[in-house]
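Please follow this walk through a single protein chain with the sequence and the coordinates open side by side. It begins at one residue and works outward.

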Amino acid sequence: MSNIVVQTRDIIVAARPKFEAVKSNLDFGKEAGFAMQILQKNAFLAKTNPDSIKNAIVNCALTGLTLNPVLKLAYLVPRKGECILDPSYMGLIKVLTDAGSVKNIYAEVVYEQDYFFIQQGTSPKIEHKPEVMGDRGKKVGVYAVAFLHNGGYQFEFMRAEQIGSIKQRSEMGKKNEGSWKTDEDEMWKKTVVKRLYKYLPKTDVSEAVVNALQLDNQNNGIDFEAEQATKARSNAAALFDEAEDVTGQGELEEAAEEVQS
């Protein structure tokens, strides 16, 4: 067994105490195995800050998002010499549906050659038929639909320029780095899912929801201090709002105080 493999294994094993201290349905042995496979396949990721690797694995327990590559709920990715846990849009959907306020959520990107019809008012609805035979053209928008327990549904649509505006408020988006570069469609879907959540029926906000949203905001260049995140738990929508609207630390503190009041 090579020294690199041994060192990687030791880093992962060191995350066990904090991982198992979290009340999570995830099994450390399985997540350690997934992490080992990921790090062995990516030498650059394996050379990131060892503490960040441990923290990323612990974040799996905090969010309830597995590293199982088949499920594609979250990924270990390198960023500025650190290893981070990056929730996918499907991962965010999982923590939101697990919270119990909706049965399911899905999101789709709309292209200019697709058939797309949206109706608001007293009978809101969306019709979308993707173009499957030819070039779909450029992206013009994205929508997400949530199916409620009472049989109804709620949807949200965002135009391309709205997504672009939010992208420019993100540190990673401004630089066109990370998922904004490699998985742009997923970032569009993640953004509209976060916007949609603000209009959904709210149940008690779980720690997994708060942790996943806080983590995603931090990954995109918005740093929530632990105290601010705690204040925001009384209104989880604030965690979404900051990703879209807040850029300065002073504004962050002001927003947290408004949530608390």
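**From one side chain to the chain**

Phe147 counts as partly exposed because its relative accessibility is 34%, a value that lies between the 20% limit for buried and the 50% limit for exposed. The model in which this value was computed is a predicted one.

Where does Phe147 sit in the secondary structure? Phe147 belongs to strand β6, which covers residues 139-147. On the surface, Phe147 joins Tyr106 and Tyr153 in a nonpolar patch, and the accessible area of these residues together is about 280 Å². Membership of such a patch requires over 30% relative accessible area, and the 34% of Phe147 is the value to set against that limit.

The next step is the sheet. Strand β6 is part of an open sheet of 3 strands, ordered β3-β6-β7 and paired in the antiparallel sense. Its edge strands are β3 (104-111) and β7 (153-159), each of which pairs on one side only. From one strand to the next, the twist averages 15°. Within this sheet, the antiparallel pairing of β3 with β6 runs over 8 bridges. To find the register of that pairing, look at Val110, which stands opposite Gly141 in β6.

What packs on the sheet? Helix α10, made of residues 184-197, does so and touches β3, β6 and β7. The direction of helix α10 makes about 45° with that of β6.

A further antiparallel pairing joins strand β1 (residues 74-79) to strand β2 (residues 82-87), over 6 bridges. Here Pro78 stands opposite Cys83 in β2. β1 and β2 form a hairpin with 2 residues between the strands, and in this hairpin Lys80 takes a positive phi near 55°.

The view can now be widened to the whole protein chain. How many helices and strands does the protein chain have? There are 14 helices and 7 strands, among them the strands and the helix α10 described above. The protein chain has 261 residues, of which 44% count as buried. About 13,500 Å² of the protein chain is exposed, with 49% of that area supplied by carbon and sulfur atoms. As for contacts between residues at least 6 apart in sequence, 63% join residues at least 24 apart.

Key
Residues are numbered from 1 along each chain as its sequence is written. This is a predicted model: local features need pLDDT of at least 70, side-chain atom pairs count only at pLDDT 80 or more; totals for chains, interfaces and linings use all residues. Side-chain values use heavy atoms; hydrogens and water are left out. Patches are made of residues with over 30% relative accessible area and no salt bridge: like charges are joined within 9 Å, nonpolar side chains (Val, Leu, Ile, Met, Phe, Trp, Tyr) within 5 Å. Accessible areas come from the Shrake-Rupley method with a 1.4 Å probe; for residues, only the protein chains shown count as cover. A salt bridge is a side-chain nitrogen of Lys or Arg within 4 Å of a carboxyl oxygen of Asp or Glu. Helices (H or I, at least four residues) and strands (E, at least two) are DSSP runs, numbered from the N terminus. Buried means under 20% relative accessible area, exposed over 50%, partly exposed in between (1.4 Å probe, protein chains only). Two strands pair if DSSP finds at least two bridges between them. Axes are lines fitted to C-alpha atoms, for helices over the stretch in contact, and angles run from 0 to 180 degrees between N-to-C directions. Contact means heavy atoms within 4.5 Å.
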